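The following note sets out several points for your consideration. Please read each one alongside the structure displayed below.

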Amino acid sequence: MQIRRLPEQLVNRIAAGEVVERPASAVKELVENAIDAGATRISIALSAGGVDRIEVTDDGIGMAPDQIALALERHATSKLPGDDLDEVATLGFRGEALPSIASVSRLRVESRVREADGWARTIDNGRLEGEGPAALPPGTRIVVDQLFARVPARRKFLRSERSEFAACVDVVKRLAMARPDSASLPQSSEHQPR
Ligand SMILES: Nc1ncnc2c1ncn2[C@@H]1O[C@H](COP(=O)(O)OP(=O)(O)OP(=O)(O)O)[C@@H](O)[C@H]1O
Ligand SMILES: [Mg+2]
């Protein structure tokens, strides 16, 4: 049998299997990113337990347009300025979370650094869908739509909307307890599981 190098999209999907198991794992990665970005307010909105939509908005440092593109590539991180793994002071450092989530959902990143215009980039199941200017306050907003819509093997293992919602809330509570200096606001009005 011939050994072959796998195409990037497939590699990302395989990696996604380890990073994103269910909506709560995506929520965890996104909120950790917001905390690492120095956010003081993080708002989280979920539809259908996070399966239809996860939205995480922060008031952190934001990203410039070229940085947004890099953030969506694998093994690209701002959190390891040197090559020393012992110096990690952030929650993330692998440069895996965003490309992994983007390979199993439709993921839109909107971001704006202070004193600059905002920019957005959308990846649909690993493929660039588009990018362009975006209007938002300084910070970052990530929208994850239809998680696992194209990964039936994963979707099959999701539990009820209510359980997925509860798992998301649990993750947010844990992160909030570890970081009482940032305010996390799960919005549940129209998002309560039916
Ligand atoms: N909310 C955010 N605000 C500002 N920058 C962000 C935000 N989310 C991601 N980034 C930038 O995008 C990069 C990639 O994010 P990603 O979560 O994929 O990797 P990571 O956080 O570096 O490592 P890990 O895979 O362990 O989470 C980050 O290193 C950071 O520079
Ligand atoms: Mg991260």
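1. In this predicted model, Phe157 counts as exposed, because its relative accessibility of 67% lies above the 50% limit for that class. Phe157 belongs to the loop that joins helix H5 (152-155) and helix H6 (161-178).

2. Phe157 should also be viewed together with Glu21. The two residues are 136 residues apart along the chain, and a distance of 9.0 Å separates their C-alpha atoms.

3. Glu21 appears again in the surroundings of Ser25, a residue of helix H2 (residues 23-36). The Ser25 side chain reaches the backbone nitrogen of Glu21 at 2.9 Å. The side chain of Ser25 also reaches a second backbone atom, the oxygen of Arg22, at 2.7 Å.

4. Is Ser25 buried or exposed? With a relative accessible area of 15%, Ser25 is buried, since that class covers values under 20%. When neighbours within four places in sequence are left aside, Ser25 is in contact with Val19 and Val20.

5. A separate point concerns the surface. Leu6, Leu10 and Ile14 make a nonpolar surface patch of about 240 Å². Of these residues, Ile14 is placed in helix H1 (residues 8-19).

6. Ile14 has a relative accessible area of 48% and is therefore partly exposed, as this class lies between the 20% and 50% limits. In the patch, Ile14 is accompanied by Leu6 and Leu10.

Key: Residues numbered from 1 in each chain as written. Chains lettered and ligands numbered in written order. Predicted model: local features only at pLDDT ≥ 70, side-chain atom pairs only at ≥ 80, totals over all residues. Heavy atoms only, no water. Helix = DSSP H or I, 4+ residues; strand = E, 2+ residues; numbered from the N terminus. Buried < 20%, exposed > 50% of the residue type's maximum accessible area, 1.4 Å probe, protein only. Polar contact = N/O pair within 3.5 Å; in protein donor to acceptor, adjacent residues only side chain to side chain. Contact = heavy atoms within 4.5 Å. Patch = residues over 30% accessible without salt bridge, like charges linked within 9 Å, V, L, I, M, F, W, Y side chains within 5 Å. Areas by Shrake-Rupley, 256 points an atom, 1.4 Å probe, with all protein chains shown as cover. Salt bridge = Lys/Arg side-chain N within 4 Å of Asp/Glu carboxyl O.
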